[in-house]
Number of protein chains: 2
Amino acid sequence: MMTHEPPADPDDPALAAAQAERFSQARTAQAQALLEDYTEMIDDLIREHGEARITDIARLMGVAHPTATKAVARLKREGLAVSRPYRGVFLTEAGAEMAERVRSRHRVVVDLLIAVGVPPESAERDAEGIEHHVSDETLMAFERFLGGRG
Amino acid sequence: MMTHEPPADPDDPALAAAQAERFSQARTAQAQALLEDYTEMIDDLIREHGEARITDIARLMGVAHPTATKAVARLKREGLAVSRPYRGVFLTEAGAEMAERVRSRHRVVVDLLIAVGVPPESAERDAEGIEHHVSDETLMAFERFLGGRG
DNA sequence: ACAAGGTTGTAGCCAAGGCTACATTTCGGA
DNA sequence: TCCGAAATGTAGCCTTGGCTACAACCTTGT
Ligand SMILES: [Mn+2]
Ligand SMILES: [Mn+2]
Ligand SMILES: [Mn+2]
Ligand SMILES: [Mn+2]
């Protein structure tokens with residue numbers, strides 16, 4: 001088949017830079033992952049319960065409550081959420097938009113995995129990590145692939 | 001299609017635990033990612049140049065050299081690599097095994113992405129992050145999907 | 001009305017993984 | 001040979017995202 005990149009030649013500056021850029025991108029994507037998961041989770045909770053409490057967020061994320069508090073602090077700092085003490089957490093418009101995008105991407109990734117034969121439980125599990133590394137181009141390719149079916 | 005999980009009900013302990021477990025797994029996978037990328041990189045360099053120097057590792061990973069030094073220190077601490085001052089870095093048997101697994105998984109992920117229509121450059125880029133979240137079951141499904149082709 | 005228990009906030013610890021600045025060692029070319 | 005440049009090591013800083021322990025605040029049942 002030979003569809004793979006040649007082994008990196010550390011003497012070629014262009015190849016080295018390209019490779020470095022791939023790792024750099026993966027690191028950037030990872031830094032966004034936490035924001036994405038929390039906005040999606042908060043949106044889920046508000047849809048279902050009308051509010052998102054720190055305790056519920058923490059329990060569903062599988063972390064201790066001060067960890068969730070810190071994450072929400074970061075969401076607020078980045079303009080994605082607001083909250084008042086002892087009240088719930090709410091998404092700003094930007095946060096709600098992110099939640100929408102993230103939910104849609106999550107769904108497409110799960111569907112794609114299932115479509116290529118991954119067991120649904122594995123698909124759900126792996127998608128939680130994979131989704132954060134799916135670029136727009138890849139997402140569109142997934143949608144095309146799924147569209148050319150039922 | 002309705003292949004998706006129902007919205008998480010934070011009142012159901014079983015569902016909450018399952019959801020928490022997915023996030024927890026994604027965090028664990030992420031913690032392994034750095035080790036995987038470095039072992040693969042070191043193995044690449046040794047194959048091609050007979051040795052893996054800190055400078056080359058750092059340049060190809062896109063980080064400053066003390067960052068690479070720290071990562072190698074962690075590899076050594078975890079029994080995946082050895083090194084002596086001012087000499088190169090070498091993989092232990094465990095490290096070499098990890099490199100093999102990681103390289104194989106990377107290749108399969110790229111091929112799968114391309115097979116479902118992702119542009120090769122996007123595939124290479126996104127695979128660098130996705131690969132760390134592909135479980136054994138998902139990997140096997142990818143291989144089956146690719147096998148039922150050319 | 002109020003005490004108890006659940007929820008939230010806050011302080012402070014840790015490890016990982018980035019970085020810069022500087023010291024030391026190695027190595028290749030004059 | 002030996003000196004300067006490159007490579008490597010080391011110190012120390014920062015942010016993120018985990019945690020526990022404890023304090024303060026609500027809310028609810030009696
Ligand atoms: Mn996720
Ligand atoms: Mn998700
Ligand atoms: Mn990778
Ligand atoms: Mn890789």
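1. In this predicted model, H132(B) is a sensible place to begin: with a relative accessible area of 8%, this histidine is buried, since buried is taken to mean under 20%. D37(B) counts as buried too, at 9% relative accessibility.

2. Both residues belong to a metal site, for the manganese ion (ligand 3) is coordinated by D37(B) through OD, by E128(B) through both O and OE, by E131(B) through OE and by H132(B) through NE2, at 2.0 to 2.3 Å. Along the sequence, the spacing of the donor residues of this manganese ion (ligand 3) reads D-x90-E-x2-E-H. Distant parts of the chain are linked in this way, given that D37(B) lies in helix α1 (residues 13-49) of chain B, while H132(B), 95 residues apart from it, sits in the loop between α5 (120-130) and α6 (136-147) of chain B.

3. A further point concerns E128(B), which, besides being one of the residues that coordinate the manganese ion (ligand 3), forms a bridge from that ion to the manganese ion (ligand 4). The two manganese ions lie 3.6 Å apart.

4. Turning to the relation between the chains, a turn of 180 degrees with a shift of 0.0 Å along the axis lays chain A on chain B with an RMSD of 0.1 Å. That is the relation of a two-fold axis. The residue of chain A that comes closest to the rotation axis is I130(A), whose C-alpha is at 2.5 Å. As for the contact between the copies, 100% of the interface residues of chain A are also interface residues in chain B, and therefore the copies meet through the same surface.

5. The backbone at Y86 deserves a look in each chain. Most residues other than glycine have a negative phi. Y86(A), although not a glycine, has a positive phi of about 70 degrees, and this tyrosine is found in the loop between β1 (81-83) and β2 (89-91) of chain A. With a relative accessibility of 74%, Y86(A) counts as exposed, because the cut-off for that class is over 50%.

6. In chain B, what sign does the phi of Y86(B) have? The angle is positive, at about 65 degrees, although Y86(B) is not a glycine. Its place is in the loop between β1 (81-83) and β2 (89-91) of chain B, and Y86(B) is exposed, with a relative accessible area of 76%.

Definitions and conventions. Residues are numbered from 1 along each chain as its sequence is written. Chains are lettered from A and ligands numbered from 1 in the order in which they are written. This is a predicted model: local features need pLDDT of at least 70, side-chain atom pairs count only at pLDDT 80 or more; totals for chains, interfaces and linings use all residues. Side-chain values use heavy atoms; hydrogens and water are left out. Donors are N, O and S atoms within 2.8 Å of the metal (3.2 Å for Na, K and Ca); water is not among the atoms, so sites may look incomplete. Helices (H or I, at least four residues) and strands (E, at least two) are DSSP runs, numbered from the N terminus. Buried means under 20% relative accessible area, exposed over 50%, partly exposed in between (1.4 Å probe, protein chains only). Copies are superposed by least squares on the C-alpha atoms of residues with pLDDT of at least 70 in both. Contact means heavy atoms within 4.5 Å.
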